[in-house]
Amino acid sequence: MSESIGQDKKRFVIPIGPQHPALKEPGHFDFTVDGEIVTGATVRLGYAHRGIEKAVESRNWTQSLYLLERICGICSHVHAMTYALGVEKLAGVEVTPRAQAIRVLVAELERVHSHMLWLGVAAHEAGFDTLFMFSWRDRETVMDLLESFTGNRVNYSANTLGGVKCDVTPEITTAILKGVDFLEERSQHYLKVVTTDEVFLQRTRGVGTMTKEQAELLGVVGPTARASGVTRDIRVEAPYSAYVDFPVQTVIAEAGDLEARFVVRIKELFESYRLIREILSKLPEGELQVRMPRKVKAGETISRVEAPRGEAFYFIKSNGSDNPERVKVRTPTLCNMGSVVATAVGHQLADMPMILAGIDPCFSCNDRAVTIRDTSGTRYTWEELRRYSIDFYARR
Amino acid sequence: MNILRTLLVLLIFPGGLFVLLNGMIYEWADRKLVARLQNRIGPRWFQPLADMVKLLAKEEIVPASGNGRLFIWLPIVALAGVMTAVLYLPIGGLQPAFSFPGDLIVTVYMLSMLTLCTGIAGANTNDHFSLVGATRTLTQLFSYEAPFLLAMLGPAVAAGSWQINDIMAYASNHPIILLQPVGFVIALIGLMGKLEMRPFDAPEAETEIVAGALTEYSGRGLALFYIGRYAELVAGLTLMAAFYLGGIHSPIDYVLKTLLLLLALVGVQTLMTRLRIDQVVGLWWRYGALLVLAQWFVTIVLKGIVV
């Protein structure tokens, strides 16, 4: 038994996952190595498929919002926002500018917390635990701000269909401005560390380099693409919500290596701080919510939002009832996963955790459905499939 | 009487129990200080002891692949190696238990037993993490061992003796850290390599190869390897303090000087990123070995001038 595990004499495979200290969520990577050099890489996803898309179909429009928010624990607001924007578009509801601005405010605070989290995780993968601990300590500032603003640390539930729940008060404005000042100072420090620490640069400069051509070919999104010089940012290309009134600058870097990804993400933090301050100073007056019909008229739409990791994509179809007929979610990690396999070959085994972390993977979010290639060509309907699974487990 | 003394020396002081407890305290100090510098709380004072008690009480699972007898004996040999080295060192600020001309070489080689056993232990299984870990452990051993040995022999050359006691007597009258600063730095960094401390923890990089060579170890075997490492920390610090910090003359002297060195190790651990194994080899052979050879040259020339 033990002889057969990954050994067919010619190939020496290092299995990373589904359970491995480098992975905080289940995913599986097989790295074929020749000594320390990686000669081949494969990825297998789908360990954390939770059937959320299907579950949404049996819930009404409002319930689905809270379920979809739980797709991701880090960019939860983004999922709720993408869905809400899509449903509002379908229903033809116009949300007030104030509510839109608050949505963007929370989205940017969330981006700050997500990028700080990534900074720590990526540093940990390289074995730089001091940076990990420090960045996570400072991240608590923005977590506290989100908690005092929305009432929750993780799944904020700031969105409702037709608006937002929480309002910006003078107290919270002061707290956020103070927190952002502190974080900006810290971010300056981290930018200095990741661009000047010689030992750390040995692990990031020129490692996992992805050229602009490769990035475009692989269709990567978000900061991973922007670090390779691809100007791809939904906030700029197709402004949604309050990004129309509060435009952002795209941060790009040309190098395409891990250092560039560090630089892009930290510089995006500064852009977020600027945007947060601007929104707080020019917050439009108005109602927080508008009335939303219980049933959404039939039709279909797509909705795109720039999550901290890249483009979150929703396809929403309504048949005119009070339940969604179909919601299809595609998260940025899925788009970026190909770049891991493409850039891994030729690097050292020691670089693998960092190259993997470089795309800021979020496995549970991207595990939507598993395609089973059935050569017999059998096609099941949903009911048949349900029957089949009940029989399958009864037989065991 | 003689047997009683030997037993005392082997089991209570300086070998055995004393080094064990001392090692656990230093291990705790190391972890606690790193934690505080990283803005964490860190472990409680009895944490290493609690870990050992727990591990020793646990079932030891011997993998089906590899040689089972070797699997069980390797941690014992590793610990025995370190414990033997301790007998020739001025642990606790007192005279070494045993001393003979050339004991320095024996000590330094006994200190390498732990790494060697770790490497063989990793190679003795079919686990891919262990195999990669073993390769890295042994690669690292071959990269730091020669410069470390040369750095340790630097004071010996200056003193003109291979006996630890003589070298320490010489070091008490001569500021070796000023005469051989390069040797001091190389020896300190070599000690970090021996103990697989960051930035030289590529052999056990948990984000790549889980626990490296010791991935398959659990329970007693793992505990013995850990105890060996704790004892090696004490032995290494003592040797460094005796040679480079002007010798060890009293228990207080011992505590102060070894803790000072530990503080230096903590600082480096906190500031550094883990190096890749190719970078480690490059660092040692491109800079470490050459610098320590240059140091030797200077020492010999100086000695020639003085005499």
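In the predicted model, helix α4 of chain B carries a kink of about 25° at Leu74(B), shortly before the proline Pro75(B). This helix comprises the 20 residues 68-87, which at 1.5 Å a residue should span 28 Å, and the 30 Å that separates its end C-alpha atoms agrees with this expectation. Leu74(B) and Pro75(B) both belong to the buried residues of α4(B), which also include Phe71(B), Ala78(B), Leu79(B), Val82(B), Met83(B) and Val86(B). Among the elements that cover these buried residues are α1 (2-11), α2 (17-37), α5 (103-123) and α11 of chain B.

Two residues of α4(B), Val82(B) and Val86(B), are listed together with Ala231(B) as those with the most contacts inside the largest nonpolar core, a set of 197 residues. The largest share of this core, amounting to 18 residues, is contributed by helix α11 (residues 219-244) of chain B. Apart from residues up to four places away in sequence, Ala231(B) touches Val82(B), Met83(B) and Val86(B), as well as Val19(B), Leu20(B) and Gly23(B).

Elsewhere in chain B, Leu275(B) is placed in the loop between α12 (251-271) and α13 (277-306). Leu275(B) has 24 other C-beta atoms within 10 Å and is therefore buried, the criterion being 20 or more. When neighbours within four places in sequence are left aside, the contacts of Leu275(B) are with Pro199(B), Phe200(B), Ala202(B), Val280(B) and Leu283(B). For one of these partners, Phe200(B), the C-alpha atom is separated from that of Leu275(B) by 6.2 Å, although the two residues are 75 residues apart along the chain.

Note on methods. Residues are numbered from 1 along each chain as its sequence is written. Chains are lettered from A and ligands numbered from 1 in the order in which they are written. This is a predicted model: local features need pLDDT of at least 70, side-chain atom pairs count only at pLDDT 80 or more; totals for chains, interfaces and linings use all residues. A nonpolar core is a set of buried Ala, Val, Leu, Ile, Met, Phe, Trp, Tyr and Cys residues joined through C-beta atoms within 7 Å. A residue is buried if 20 or more other C-beta atoms lie within 10 Å of its own, exposed if 12 or fewer, and partly exposed in between; C-beta atoms are placed from the backbone. Helices (H or I, at least four residues) and strands (E, at least two) are DSSP runs, numbered from the N terminus. Two residues are in contact if their C-beta atoms, placed from the backbone, lie within 7 Å. The expected span of a helix is 1.5 Å times one less than its number of residues. The bend at a residue is the angle between axes fitted to the seven residues ending there and the seven starting there.
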